[in-house]
Structures are given as structure tokens and as C-alpha cells.
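The report below looks at how selected helices and strands are arranged in a model and at what an annotation record adds. Please read it alongside the sequence and the structure.

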Amino acid sequence: MIESFQQAANKDIAKQTKAVSRRDFLKLTGMTTGGLILGSMLPISLPVWAHGNAAHDNTLNLFVAIETNGRVNIVCHRSEMGQGIRTGIPQIVADELCAAWDDVHVVQGLANEAYGSQNTDGSRSIRNFYAKMREMGATARTMLEQAAAEKWGVTISEVYAKDSFVINKNTKQKVSFGSLAESAAKINAPAPESLSYKSKKDFSYIGKSMQIVDLPDIVTGNTVFGQDIKLEGMLYASIERNPVLGSKVESFDKAAAMKTGGVVDVYKMPDQPTPVVFHPSNGVAVIATNTWAASQGRKALNIQWGDSPHKSHNSAEYLTELNQRIVNKGKTIREGGDAYAAMEKAQQKVAATYTVPYLVHAPMEPPAATAVFKDGACEVWACTQTPQSTQQNVAGALGIPKEKVKINVTLLGGAFGRKSKPDFSVEAALLAKYTGKPVKVVWSREDDIRQGYYHAISSQHFEAGLNADNSVDAWIQRTAFPSISWTFSGVTDEPSDGELSLGFGDVPFNIANLSCETHKAPAHIRIGWVRSVSNIQHAFAQGSFVDEVAHAAKMPTHKMWHQLLGDDRLVNPKEQGFEYGNYGETLERFPIDTKRLKHVLDDVVAKSGADKPTKQGEAWGISAHRSFVSYVAVATKVRVKDNKVTVLEMHSSIDAGTVVNPDRVRSQQEGSMIFGLSLAMLGEITVKDGAVEQSNYSDYQVLRMSQSPMIKTYIVESDAIPGGVGEPGTPPVAPSLTNAIFHASGRRIRDLPVSKHFMV
């Protein structure tokens, strides 16, 4: 039976806040002997989720430890935010290990550089660790087989593993993994190049729709998220942060806040330097015995804020400036032929400018972190996507070595990139050190909407020149948006190659005369990653413009995509001067393959019926995009009636290479498509006088169930290396939607969200 980490370690968290011996740990986690052991740093440290390093843990490698009772402990070193990674990673390991699934126990990995990067972002958990997890499983299985062979006095070729046993081929004797655990743990690990692996036809778990391990706790309400952590003697903090980036606290009314029942202290947070990086915002914390008191005391602070160079920032005016700038030639980052000369000779020209507003993550669970500081060490519990970054930033803020910081990862109630920034954990750590007591920092919904790391506001301009035969001979595309790099430099005003690799500089079209250009765009609020990152604006502009060019050429959009992509080929943007780099992926490992993109287009059109006639007032729109090295096409059907848009159906086809858990891929597709539809229909953050105007779901709306269409996902069978699945479903949604609206109503939407133009 699979036991979740909540069941194992949090049945009563308060009772566990005490000194924990090895025996206590085993008892509390339900283990009977050996196995994983707590690397406790603090006397009150919780017995949670560390991989063991003691001499008798029966640890076969960094990710696999087997107890003598047969329990197979598999470490998941990634954060679970609903994508099912706490099931996917163990699936891969257990398959190569040949462990019975009922014996598998998932252990959440703490921050530890030994795991490599633990940043759960970029849709890369499976694609980056698929091979390594197979190696971990095969290594442990080989050691168990070797132990059994030695026990029976035979060669390893005369035994094999199956369902948590090793079996003698000759005698049919079998011995359990648990019985072999201690002897196997003493065997030297085999060299990776000596390992043997299963063939695809022999997979037991990979490629199967396995139920996620946390499902029982989720449906019974026993899960523990960042907001759920409770420690004995814990205080609660609510922080009033600067409304305008860079402004500092000039004065506040501490006495008024202290009059609120339950408030025990008021603390001015340290003024933070620039660049903003992951520092907490300037502000004042109200510390109380409960959340309500902290929030009420905060209202009495009457803070006077100092000036800021960003106080004159207004998003509407800023976007107008970008639109005026983007129609002019910019800095060329990729070039083929002479696009400007070819444009002059074109028989027909098409041009359009597209805009996307600031966006925010708005997960169901706002950020939350709890910290304890004692004897020069700190322990944090947080719903974080980046435990290692959290460890480093907390250590830096407290001025202690990172080895003195322990990070416990809870489940995440949604994240979409917000919880990859550890500012909220740093806040909790600073307050824990100040008070000498456990402190939980509670972010409200308003805090999350107003104090985020926002998806950049952007403007994109596209031009195409068509010949007499309606073929495209010239293509110019430009983009301008504040860069995430500014968050780390404080001065950068141009997008990085990494951002431009997300659907802009990697344009896959086979056009003789191409120019890709950028314009400068300084930042005025915190800019960060939001699910799909720069693919959001680039896919919207590119997918919309393809539809506009197709309309001008009087040909189906599907046919125009084929014409622009050209023959089946591998695209190398470096041949035209662009330094492509997609989250560290190389073209050698993940080439840009136009055949795969065309295939998902053909697949979604055929299966959705997007090429079939529709009723009056209804229409289909399609688009496609390659992101996070996966290929996705989306077909959306809408009805436009009485100035109201109703989304009727959405279909997607995804080629993500080898798929570990098809059910999770479908879930991720559905979730990312709803996310993309929500942004396209409703998403907009506006800034006035430097401050975000929205505050909650009432004015930063997300899609309701009544607005959500029927969704179908088609997974392309593939033996290719696994690609990303958490984000690629989002980018093609917006253009497929607005294209459908155009074909249904004749009105082209070039600036999002749709709600600015239609009722939704």
C-alpha cells in the first residue's frame, strides 16, 4: 500500500514538535526498521522526509531505500502542485527496479544539492530525470539481484527481479527485496554503463495511467499545504507591503496596531536593496496569536510610504508607448535573406500588432511559509517549487550557512510559477529570528494579486509579404516586453535569448526573407515566470497572424500553416544568427521538427472536425505551438451571439514524446488549456500610479465552470525522449480562441483579454 507523506508525518504535527530519536522517527513515519532516517537539525525538528545517510539505511542509491520488511522507499525530489510528479517519478524508478507497486512508499526529498536542480518549473521534471530515474531503479535492482545470486551461489545472469522478489531461473526459488536489503546495500553500486534496462514492451508502469499517490488524502481532506502548517507556540504574521515598487516605509502607527486584541508585536521589515531578485518587499509585519488578529492589526498601521521612481508607471500609457515603438525597425536577433527588400516587392502586404496585458498567477492557495529559528539554524515549511533556492535565500537573509537551513516541502495548492520565488519564505525566516518563536506568514488573496511577480505586459508586431500565388516571401516580426532578467539585474531593458527562444527566435517557418527584431522595454513592477512564460504572448501573436495571412490569401488556416512550415525538416535558428536555448535544452537532443508540428495540426483538425461546416454564428479557430520541446495544436469552437462569446469545445493534440502517465498528461493538458482560456478571456492586471489596481478574484477573474467548454485531448504515440507537459497546452489556446471569434463574428481581437471586446 502506498502511504503519502502526509499520512506518514503529519497525523498530528503539533505533537511532533519535540526532540526526535531515530526510534521515534521510525515510529512516527510508520516504518519498522532501517530505511530512511531524519537528518534533524533542530531539537524541535519535525520528522519529515529526508533521505537517509546513516550506515544502515539499506539505501541503494540516492533515490531508493528498501526496508527489511519489504517497503520500497522512493524519493521524489520535485514539488507536487497537482501535476502528479509524486507518482510519475516513482513510476519510472519502480518499473526498472521491478518493485510491486503496493510496496512503494513515496518520500518527499528535502532541499539537497545532491539531487541536482530541484526547481519544479519549465515542464522539465520528467524530461530531465526520465533517464536518471531509470538508472536509479536499474542500479538498485542489479544490486538486489547480485545479493540474491551470492546467496544462492550462482551468477547474476541466473536470477531476475519481479514484483519485489528476486527469482532463481533454475530452481524457481525466490527471495524478497526486504530479505535482501541489508546484504544488497553493502554491494558496490554497478557502473552505469554496465546496467541493463527493460524494453518498452516489458514496462509495468511507464506508459500506464496510474492513480496518483496523494489521491486518497486529497479526496478526504487530509492533505497538508503550506497554509495548513501548525507548530506549538506558533505566531502568525500579516505584512503590509509597499504598493509601489521601491517605496520605503517612512512612518507607521505601531500603537494603534498593538491595541488590536491578539497582536503581540509589530516589526518593520528590513529595507531591501535592488535588484529585487527574491527579496521580500519593503513593509511592516503585524505579529499576533492568530491570523485574524494579525490582519486586523495590519489595517491600523496607517503606513506613510516614501517616493518611488516607479510611481508614474501606468500600464495603459505604457502599452501605448510600446505599440508606437513596435511598428519601427528594431534590433535584429535573427535574419534570413532581405525581408525589407522582399516586402517592397510583395503583391499583398499584411500587418498587425498584438498586445497582452500584465498577468498574475492567482493560484487557489496564496503563498505561505512557516519558520523556526533556534541556535543559529532555521527550519522552514513552505509550499515552494524551489527548495534549494529557498534554502539559499533564507540563509543569505539570516546570514547563516545554507547547511543550517532545512526546507520542508508541503503540497502546493497551485503555483503556476509564483512559488518558484522564495520571498515569502524569507519573510517567515526573518520574523522567526526576530521573535525567537515559530512564525507563519499568511498571504491573503489580496496580497497575492497585488504583490506578485507578474507576466510581462507586451506588444508584438508582425508583417508578411505575399506573392501573386499567395505564397509568403517576406516575414517581419517584432516583440517588446519587460524582461525577467531585470528582476535580477535591475537595469536590463531587453529580452534575453532564453525568453526569445520561447516562440519568437525559434520561429519554425521556412520563409526566404525573415527578420526577427526586438525593442527595449524597461520594467516597473516585479517581472517573473508565469506558466508558459514568453510563449504566452509569442504564440498569441504568431498564431493570430497566421490566421490573418491565411484570410488575406483566401485559404484555410490549416493550409497556410503547412505552407509556412514547408517540407519536413529540422530547424536550426543558429544558422540565421539566433542563439537558441530552451531551458538548457539543445537542438541536438530536442531538434525543432516541423513534421511533428504539422502532425499535431493534422491530428487535431481531423479529430475535432474543425474543417467541417458550422451553424451561423459559430466557428472554429486553430493554432499550434512548440514549447518546452513538446508540440501542441488546439482547435476551439465558439458561438458569438448578441455580443457574447461562448466557448463550446476545445480539442488538443500533443506530441510530448514518451509518456510516463497518460492520465496525468491529459490532466495537465486540460489544466493548462483552462489556464490559457482563462487568461485569454479574462486575465488583465492594470497598474495606475505604480500600484496594481486588482485585488481579488472579483476584479482579477478566472474562468468559472459555467464558462468552461468540453475539452478533449489526443496524445500522439511516440518513442521520442519525453518532452514537457505542464505548460505546452497553454500557448495555442488564445490564438485558436480569437481566430474562432473572428470566423464567427468578423471581429479580430488583437489585444487581450477578450472581455475588453465581448461579454464572456
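Which residues in helix 4 meet which residues in helix 5? In this predicted model, Met143, Leu144, Ala147, Ala148 and Lys151 are the residues contributed by helix 4, and they meet Phe177, Leu180, Ser183 and Ala184 of helix 5. Sorted by class, the residues of this contact comprise 7 nonpolar, 1 polar and 1 charged. The axes of helix 4, which spans residues 125–152, and helix 5 come within 9 Å and cross at roughly 90 degrees, and helix 4 is therefore roughly perpendicular to helix 5.

Helix 5, covering residues 177–185, also has a second set of neighbours, since the helix lies across strand 4, strand 5 and strand 6 and runs at about 75 degrees to strand 6. These strands belong to an open sheet of 3 strands, with the order 4-5-6 and antiparallel pairing. Strand 4 (159–162) and strand 6 (174–176) each have a single partner strand and stand at the edges, so one side of each is left without a neighbour in the sheet. From one strand to the next, the twist averages 25 degrees. Strands of a sheet pair through backbone hydrogen bonds, in either a parallel or an antiparallel manner. Here the pairing of strand 4 with strand 5, residues 165–168, is antiparallel and extends over 4 bridges, and Ala161 stands opposite Val166 of strand 5.

A further helix pair is found later in the chain, where helix 19 (residues 662–682) packs with helix 20 (residues 733–745) at an angle of about 55 degrees. Helix 19 and helix 20 are therefore oblique to each other, and their crossing is right-handed. Helix 19 makes the contact through Met673, Gly676, Leu677, Ala680 and Met681, while helix 20 supplies Val733, Ala734 and Leu737. This contact of helix 19 with helix 20 has 7 nonpolar residues, 1 polar residue and no charged residues.

The two helix pairs are set out below.

| Helix pair | Angle | Axes |
|---|---|---|
| Helix 4 and helix 5 | roughly 90 degrees | within 9 Å |
| Helix 19 and helix 20 | about 55 degrees | 8 Å apart |

Finally, an unreviewed UniProt entry places the feature "domain: Aldehyde oxidase/xanthine dehydrogenase a/b hammerhead" at residues 220–309. Over residues 220–309 of the model, the chain is 17% helix and 27% strand, and the end C-alpha atoms are 49 Å apart.

Key:
Residues are numbered from 1 along each chain as its sequence is written. This is a predicted model: local features need pLDDT of at least 70, side-chain atom pairs count only at pLDDT 80 or more; totals for chains, interfaces and linings use all residues. Side-chain values use heavy atoms; hydrogens and water are left out. Two strands pair if DSSP finds at least two bridges between them. Helices (H or I, at least four residues) and strands (E, at least two) are DSSP runs, numbered from the N terminus. Axes are lines fitted to C-alpha atoms, for helices over the stretch in contact, and angles run from 0 to 180 degrees between N-to-C directions. Contact means heavy atoms within 4.5 Å. Angles under 35 degrees count as roughly parallel, over 145 as roughly antiparallel, 65 to 115 as roughly perpendicular and the rest as oblique. A crossing is left-handed if the near helix is turned anticlockwise from the far one by less than a right angle, and right-handed if clockwise. Ala, Val, Leu, Ile, Met, Phe, Trp, Tyr, Cys and Pro count as nonpolar, Asp, Glu, Lys and Arg as charged, and the others, Gly among them, as polar. UniProt positions are given in the numbering used here, feature names are shortened, and annotations may be inferred rather than shown by experiment.
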